[in-house]
Amino acid sequence: MDVAGAAFATILAQAVSVVLSIIIIRKQKLPFTLTKKDICFNPEIKVVFGLGFPIAFQDLLVNISFLILCSIVNNIGLEASSGYGIAQKVINFVMLIPSALMQSMSAFIAQNVGAGKEDRARKAMRTGMGIGVAIGVFIFALAFFRGDVPSQLFTSNAAYIKKAAEYLRGFSPEAILTCIVFSYIGYFNGHGKTLPVMLQGISASFLVRVPFSYLFSLKENVTLVDIGIAVPLASVYGIVFFTIYYIIYTKQRKKEITL
């Protein structure tokens with residue numbers, strides 16, 4: 001069934017998951033009741049919406065920016081497009097580390113902020129950065145020097161592997177930089193400051209990543225190394241953005257405490 005078969009298998013797996021979840025929930029005794037009357041709008045939804053909308057909107061626009069990046073790569077040629085697709089599969093695994101740090105840190109920091117332990121919240125952010133960078137160094141080395149090794153897991157075509165390795169070489173600094181950016185995001189999300197996170201994500205995408213990708217694609221004899229560099233450049237911008245905001249935000253909190 002080709003691609004349609006993969007899509008059908010994905011939907012079927014989700015359907016099985018839903019059915020099994022319903023069966024398990026119905027057989028277990030929950031510590032609360034759930035009836036039709038409980039399914040209604042809650043006034044507190046405004047708070048949830050205010051915190052969640054910037055994050056969701058940012059994710060939407062960031063994904064759109066990567067679609068634009070994909071279209072830029074497609075214009076370079078078939079081998080470049082295929083190599084980029086393979087590289088993205090590798091990157092999906094790489095990004096699991098900073099994503100896990102960000103999500104766990106958001107919850108941990110929110111708990112400490114609620115308990116009035118801001119020092120622990122800042123320490124968690126620094127620890128997350130340290131752990132992420134330590135792991136990122138190894139991923140950077142692999143992606144920069146031997147990007148062909150993980151690419152071989154997804155294809156045996158030598159030309160596609162070469163192009164994937166090119167993109168991973170340009171992308172490789174992102175393995176380190178994104179851990180710092182995502183630790184910042186976890187810190188600010190834990191404080192409920194999702195609007196600055198949204199502004200950073202959107203501006204990094206449409207003021208740095210997309211424009212530089214396009215400009216680099218106009219180079220004569222352009223390679224995927226050139227396109228890949230645009231991604232870590234956006235993270236450098238993100239680090240600068242969050243560092244400045246962190247300094248401003250820390251000063252504001254100190255003033256509020258003294259008042």
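Two helices count as roughly parallel when the angle between them is under 35 degrees. The structure shown is a predicted model, and this tour starts with a helix pair to which that cut-off applies.

**Stop one: α4 and α8.** Please select helix α4, residues 96-114, together with helix α8, residues 174-190. The axes of α4 and α8 approach to within 7 Å, with a crossing angle of roughly 30 degrees. The two helices are therefore roughly parallel to each other, and α4 passes α8 in a right-handed crossing. To view the contact, display side chains on both helices. On the α4 side, the residues in contact include Met102, Met105, Ile109 and Val113; on the α8 side, Cys179, Phe182, Ile185 and Tyr187 are among them. Sorted by class, this contact holds 10 nonpolar and seven polar residues, and no charged ones.

**Stop two: α5 and α8.** Keep α8 selected and add helix α5, residues 118-146. The axes of α5 and α8 also come within 7 Å, but here they cross at roughly 160 degrees. This angle makes α5 roughly antiparallel to α8, because angles over 145 degrees fall in that class. The crossing of α5 and α8 is right-handed. From α5, the contributing residues include Glu118, Arg122, Met125, Met129, Val133 and Phe140. Those of α8 are Ala175, Ile176, Cys179, Ile180, Ser183, Tyr184 and Tyr187. By class, the contact of α5 with α8 comprises 13 nonpolar, four polar and two charged residues.

**Stop three: the aromatic rings.** Which residues make up the aromatic cluster? Select Tyr184, Tyr187, Phe188, Tyr237, Phe241, Phe242, Tyr245, Tyr246 and Tyr249, which form one such cluster. Over the whole structure, a search finds 18 aromatic pairs. Centre the view on one of them, Tyr187 with Phe188: the ring centres lie 5.3 Å apart, and the planes meet at 75 degrees in an edge-to-face arrangement. Are these two rings buried or exposed? Tyr187 is buried, with a relative accessible area of 0%, and Phe188 likewise counts as buried at 0%.

**Stop four: a pair in α9.** Finally, move to helix α9, residues 194-217, and select Phe212 and Phe216. Being four residues apart in α9, Phe212 and Phe216 are separated by about one helical turn. Their ring centres are 5.8 Å apart and their planes stand at 50 degrees, so the pair is tilted. Phe212 has a relative accessibility of 33% and therefore counts as partly exposed.

Technical notes. Residues are numbered from 1 along each chain as its sequence is written. This is a predicted model: local features need pLDDT of at least 70, side-chain atom pairs count only at pLDDT 80 or more; totals for chains, interfaces and linings use all residues. Side-chain values use heavy atoms; hydrogens and water are left out. Axes are lines fitted to C-alpha atoms, for helices over the stretch in contact, and angles run from 0 to 180 degrees between N-to-C directions. Angles under 35 degrees count as roughly parallel, over 145 as roughly antiparallel, 65 to 115 as roughly perpendicular and the rest as oblique. A crossing is left-handed if the near helix is turned anticlockwise from the far one by less than a right angle, and right-handed if clockwise. Contact means heavy atoms within 4.5 Å. Ala, Val, Leu, Ile, Met, Phe, Trp, Tyr, Cys and Pro count as nonpolar, Asp, Glu, Lys and Arg as charged, and the others, Gly among them, as polar. Rings of Phe, Tyr and Trp (its six-membered ring) pair if their centres lie within 6.5 Å; planes under 30 degrees apart count as stacked, over 60 as edge-to-face and the rest as tilted. Buried means under 20% relative accessible area, exposed over 50%, partly exposed in between (1.4 Å probe, protein chains only).
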